[in-house]
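This report looks at aromatic contacts in one protein chain. The sequence and the model come first.

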Amino acid sequence: MKRFLAILILATTLITTVSCKNNNNKTYKPPENTTTTTSDENNQAEPIKNKTFTSNGLTITLTEDFRKISLPGYTVCYKSESVTVIALRESFWFEEGMKDWPLSEYARRVEVSNFQHSPTIPKKVGDHMIMEYLFYDYIDHIKYHYYTCMYKGTDAFWTVQFICKRDEIAQHKPDFMKWADSVRV
């Protein structure tokens, strides 16, 4: 048990550090409006279209603004101009008896492995659990907000994290909640 927690803490710390680094050291620029895209010839905004992504046993509905990316240590990741979504699949074979855990036990362990970020206590929302925390990137000096959701599938637990700059969370949180509800594992 102690070995599992130590490995989980180490993996989460390393993965979180890697995921918070912005690719190519470019600065994120938030979209002008999360519900519209560029204007057409008549100067009328067009709604952003939803797009469903399926990969490695995870299905999620985001928007067309997202593209699939690869980050070491994660099962699947997606990125838009101002939001990153990272997902980690942890198979039930990882620890004996894991398939019998309730989602709340897995969420408690994810909370413990992220204790250094002072996460909120996981709470049940629909068929998943959520917790939130801040991460400070000491290299780029940027604070990120993590909206972390945990799910139990038929053969694995999943942690799906929606990440944006701390000062943009009010803009993105309604989308995070909607996207979290769309996850199927």
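Is phenylalanine 162 buried or exposed? Phenylalanine 162 is buried, because its relative accessibility is 0% and the cut-off for buried is under 20%.

## Aromatic pairs

The model is predicted. It holds 13 aromatic pairs. One of them joins phenylalanine 66 and tryptophan 179 in an edge-to-face arrangement, with 5.2 Å from centre to centre and 90° between the planes. Phenylalanine 66 sits in the loop between β4 (58–63) and β5 (67–69), while tryptophan 179 belongs to helix α3 (residues 169–182), so this contact ties together parts that are 113 residues apart in sequence.

## Tryptophan 179 and its second partner

Tryptophan 179 also pairs with phenylalanine 162. Here the ring centres are 6.4 Å apart and the planes meet at 35°, so the pair is tilted. The contact links distant parts of the chain: phenylalanine 162 lies in strand β11 (residues 156–165) and tryptophan 179 in helix α3, 17 residues apart.

## Burial and cluster

Tryptophan 179 is buried at 5% relative accessibility. Phenylalanine 66 has a relative accessible area of 4% and is likewise buried.

Which residues make up the aromatic cluster that includes Trp179? The cluster consists of Phe66, Tyr147, Phe162, Phe176 and Trp179.

Technical notes:
Residues numbered from 1 in each chain as written. Predicted model: local features only at pLDDT ≥ 70, side-chain atom pairs only at ≥ 80, totals over all residues. Heavy atoms only, no water. Phe/Tyr/Trp six-rings, centres within 6.5 Å; stacked < 30°, edge-to-face > 60°. Helix = DSSP H or I, 4+ residues; strand = E, 2+ residues; numbered from the N terminus. Buried < 20%, exposed > 50% of the residue type's maximum accessible area, 1.4 Å probe, protein only.
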